[in-house]
Amino acid sequence: MSARPSFPADVSVIRHDWQLDEIKALFNLPFNDLIFQAQSLHRQYFDPNEIQISSLLSIKTGSCSEDCGYCPQSARYDADLQPEALLPIEEVLETAKRAKEQGASRFCMGAAWRAPKDRDIERVVEMVQGVKALGMETCVTLGMLTDEQTKRLKDGGLDYYNHNLDTSEEYYSEVITTRTYQDRLDTLARVRDAGINVCCGGIIGMGESDDDRAKLLQQLANLPKHPESVPINMLVQVEGTPLAGTEKLDPLEFVRTVAVARIMMPESRVRLSAGRNEMTDEMQALCFLAGANSIFYGEKLLTTDNPMTNRDLQLFERLGLHQGGSSYAS
Ligand code: SAM
Ligand code: DTB
Ligand code: SF4
């Protein structure tokens, strides 16, 4: 019998100095050893049967000037999408109310902007305040921010800002040419310095290499503070975008990515994000076992389909999962 791989002596240390070879060694563990390690750590930090639920709304859709190769909202591609200007606040609050009734504790509003204008920020702040008044946590994703805009969002009461690094620095320019990795890091630093919780992760299955996935997690875990929320998206291939037709990744590689994220950032919520509609219930169950403990809930992500809420409720019931993790009582 071969020797058992050693279990880290002190697994509860929060580290910011991950080396690439250590991360690759985690990825290369036998699957059972990796999942065991991830689930053991998960239990030290979280109730293993509790899932935090967010709901998404696209508050401004399409006609985006950026060229992100995965995104149906870029004006440069011919995806079947109806662009829409910034929604009226009443419509946003109605949708948030419904999301709360269906069980979401956080409401995330996404806008297809490279960067918002100052007058956009004022309207988003009104939305944030209206959603908070419903008793929900708030998250927005609006693109790149200035210092002043970030401060305005913080003063307006925003809880979380989503801004993804998406992939490794090396692969980034293969996917997006209209902004740099450093632009992303700069906005993330502004958000962190302003005292807003950070939601930052990436997309798996864009044709990146094993090294790129390890390097994305290295970037995230070696930030001065781990993001409170780490969304791991599986690419949703949308007809008309450059990444449509990308070779599908082995689903177990996706599960491994979730597990390694859990091990490297044990205090963070790892969010099983886009792509759930294309996953079997069994794959999602493996992701929860690997340490994912939050999801986007509701029949739409921003522009693409998400599992129907009753399918999710059935899955939670089958797995004995319950909702939690909000700073508000549900
Ligand atoms: N425009 C802003 C930005 O890019 O930061 C906010 C909205 S953007 C749609 C938010 C995130 O959605 C992107 O950073 C990307 O990670 C994710 N995303 C977009 N299209 C996706 C797709 N087809 N599959 C998976 N994730 C996607
Ligand atoms: C994140 O990491 N995933 C969400 C949220 N943050 C904003 C967005 C997924 C978008 C998937 C494609 C679409 O529906 O347009
Ligand atoms: Fe625009 Fe964001 Fe889509 Fe990129 S990901 S094209 S910035 S909406």
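These exercises work through the ligand sites, the cavity and the pocket of a predicted model.

**Exercise 1. The enclosed space**

Find how many cavities of 30 Å³ or more the model has, and describe the lining of the largest cavity.

Solution.
- Step 1. Count the cavities. The count is one cavity of 30 Å³ or more.
- Step 2. Take the volume. The largest cavity holds about 850 Å³ of space.
- Step 3. List the lining. It has 39 residues, and Y70, C71, Q73, N164 and L302 are the closest to the cavity centre.
- Step 4. Sort the lining by class. There are 24 nonpolar, 10 polar and five charged residues.
- Step 5. Look for strands. β2 (106-111), β3 (137-141) and β7 (229-234) each give at least two residues to this lining.

**Exercise 2. Ligand 1**

Describe the shell of ligand 1 and its polar contacts, then place the ligand relative to the largest cavity.

Solution.
- Step 1. Count the shell. Ligand 1 has 16 residues around it, with Y70, N164, D166, R184 and V236 the closest.
- Step 2. Classify the shell. Nine residues are nonpolar, five are polar and two are charged.
- Step 3. Check the backbone contacts. The cut-off for a polar contact is 3.5 Å between N or O atoms. A backbone N or O atom of Y70 is 3.0 Å from a nitrogen atom of ligand 1. For A111, a backbone N or O atom is 3.2 Å from a nitrogen atom of the ligand.
- Step 4. Check the side chain of N164. One of its N or O atoms lies 2.9 Å from an oxygen atom of ligand 1.
- Step 5. Assess the cover. On its own, ligand 1 has 550 Å² of accessible area, and the protein covers 90% of this.
- Step 6. Place the ligand. The largest cavity is the space taken by ligand 1.

**Exercise 3. Ligand 2**

Identify the residues around ligand 2 and the side chains that make polar contacts with ligand 2.

Solution.
- Step 1. Read off the shell. It consists of L56, T141, N162, N164, P231, N233, A274, F296, L301, L302, T303 and T304.
- Step 2. Classify the shell. Six residues are nonpolar, six are polar and none is charged.
- Step 3. Start with the nitrogen contact. An N or O atom in the side chain of N162 is 3.2 Å from a nitrogen atom of ligand 2.
- Step 4. Move to the oxygen contacts. A polar side-chain atom of N164 is 2.8 Å from an oxygen atom of ligand 2. In the side chain of T304, an N or O atom is 2.8 Å from an oxygen atom of the ligand.
- Step 5. Assess the cover. The protein covers 88% of the 410 Å² that ligand 2 has accessible on its own.
- Step 6. Place the ligand. Ligand 2 sits in the largest cavity.

**Exercise 4. Ligand 3**

Which residues surround ligand 3, and where does the ligand sit?

Solution.
- Step 1. List the neighbours. They are C64, E66, C68, Y70, C71, S74, A112, W113 and R179.
- Step 2. Classify them. Six are nonpolar, one is polar and two are charged.
- Step 3. Place the ligand. Ligand 3 sits in the largest cavity.

**Exercise 5. The open pocket**

Give the volume of the largest pocket and describe its lining.

Solution.
- Step 1. Take the volume. The largest pocket has about 490 Å³.
- Step 2. List the lining. It has 22 residues, and L56, L57, T95, K300 and L301 are the closest to the pocket centre.
- Step 3. Assign the elements. β1 (50-60) and α3 (89-101) each give at least two residues to the pocket lining.
- Step 4. Classify the lining. It has nine nonpolar, eight polar and five charged residues.

Notes:
Residues are numbered from 1 along each chain as its sequence is written. Chains are lettered from A and ligands numbered from 1 in the order in which they are written. This is a predicted model: local features need pLDDT of at least 70, side-chain atom pairs count only at pLDDT 80 or more; totals for chains, interfaces and linings use all residues. Side-chain values use heavy atoms; hydrogens and water are left out. A residue is near a molecule or strand if one of its heavy atoms lies within 4 Å of it. A polar contact is a pair of N or O atoms within 3.5 Å; within protein, one must be able to donate a hydrogen and the other to accept it, and residues adjacent in sequence count only if both atoms are side-chain atoms. Accessible areas come from the Shrake-Rupley method with a 1.4 Å probe; for residues, only the protein chains shown count as cover. On a 1 Å grid over the protein atoms alone, a cavity is a set of points where a 1.4 Å probe fits but cannot get out, and a pocket is an open set with protein on both sides within 12 Å along at least five of seven lines; lining residues have an atom within 4 Å of a point. A molecule sits in a cavity or pocket if more than half of its atoms lie within 2 Å of its grid points. Ala, Val, Leu, Ile, Met, Phe, Trp, Tyr, Cys and Pro count as nonpolar, Asp, Glu, Lys and Arg as charged, and the others, Gly among them, as polar. Grid points are joined across faces, edges and corners, and a volume is the space filled by probe spheres set on the points. Helices (H or I, at least four residues) and strands (E, at least two) are DSSP runs, numbered from the N terminus.
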